[in-house]
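The following exercises are to be worked with the sequence and the model at hand. Each task is followed by a solution in steps.

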Amino acid sequence: LESSNGSKLGGDSLSADEKIKELRQLLDEARSEANKSMSELEMVRGEKVGLEEMLREKFDKLIHTEVEERIQSYKKELDEVLFRPFLLSFSNSYWQWKGNFIAS
């Protein structure tokens, strides 16, 4: 009788050479599977690194956009609070001066 992998079953036992051959085959299969798993692991690691870089870039862009929006908001607020009243005051003074200059 033989098993599905070709080894003898029953009364006949395997010779030492046949046992070594079978063990080497099992070891080669295990190594092959381990190499395949390592390759898959490296591929997943590469994808992870790529995703991390993409997320970092998107996050940096989001932060940059948020900072730019806040700067623009602060500039607008500054313009409305400080510069516009100053310009209006300056403009009124100019027109008063010009009116006085023309009247004299």
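**Exercise 1.** Determine which residue forms a salt bridge with Glu52, and state how far apart the closest N and O atoms are.

*Solution.* Step 1: In this predicted model, the partner of Glu52 is Lys48, and the closest N and O atoms of the pair are 3.3 Å apart. Step 2: A salt bridge requires a side-chain nitrogen of Lys or Arg within 4 Å of a carboxyl oxygen of Asp or Glu, so a pair of Lys48 and Glu52 can be tested against this cut-off. Step 3: Both residues belong to helix α1, and because they are 4 residues apart there, about one helical turn separates them. Step 4: Glu52 has a relative accessible area of 35% and is therefore classed as partly exposed.

**Exercise 2.** How many salt bridges does a search of the whole structure find? Describe the pair Glu42 and Arg45 and the pair Glu66 and Arg70.

*Solution.* Step 1: The search yields 3 salt bridges. Step 2: One of them joins the side chains of Glu42 and Arg45, with an N to O distance of 3.0 Å. These two residues of helix α1 stand 3 residues apart, which is about one turn of the helix. Step 3: Another links the side chains of Glu66 and Arg70, with 3.0 Å from N to O. Glu66 and Arg70 are 4 residues apart in helix α1, so about one helical turn lies between them.

**Exercise 3.** Are Glu42, Arg45, Glu66 and Arg70 buried, partly exposed or exposed?

*Solution.* Step 1: Buried means under 20% relative accessible area and exposed means over 50%, so values in between are called partly exposed. Step 2: Glu42, at 45%, is partly exposed, and Arg45, at 46%, is partly exposed. Step 3: Glu66 has 35% and is partly exposed, while Arg70 has 47% and is partly exposed.

**Exercise 4.** Name the residues that make the nonpolar surface patch of about 450 Å², and classify Leu62 by its accessibility.

*Solution.* Step 1: The patch consists of Phe59, Leu62, Ile63, Val67 and Ile71. Step 2: Leu62 is located in helix α1, which covers residues 16–103. Step 3: Because its relative accessibility is 56%, Leu62 counts as exposed.

**Exercise 5.** Which backbone atom does the side chain of Glu18 reach?

*Solution.* Step 1: The side chain of Glu18 comes to 2.9 Å from the backbone nitrogen of Ser15. Step 2: Glu18 is part of helix α1. Step 3: With a relative accessible area of 33%, Glu18 is partly exposed.

**Exercise 6.** Describe the chain as a whole: how many helices and strands does it have, and what share of its residues counts as buried?

*Solution.* Step 1: The protein chain contains 1 helix and 0 strands. Step 2: Among its 104 residues, 2% count as buried. Step 3: The accessible surface of the chain is about 9800 Å², and carbon and sulfur atoms contribute 59% of this area.

Methods. Residues are numbered from 1 along each chain as its sequence is written. This is a predicted model: local features need pLDDT of at least 70, side-chain atom pairs count only at pLDDT 80 or more; totals for chains, interfaces and linings use all residues. Side-chain values use heavy atoms; hydrogens and water are left out. Patches are made of residues with over 30% relative accessible area and no salt bridge: like charges are joined within 9 Å, nonpolar side chains (Val, Leu, Ile, Met, Phe, Trp, Tyr) within 5 Å. Accessible areas come from the Shrake-Rupley method with a 1.4 Å probe; for residues, only the protein chains shown count as cover. Buried means under 20% relative accessible area, exposed over 50%, partly exposed in between (1.4 Å probe, protein chains only). A polar contact is a pair of N or O atoms within 3.5 Å; within protein, one must be able to donate a hydrogen and the other to accept it, and residues adjacent in sequence count only if both atoms are side-chain atoms.
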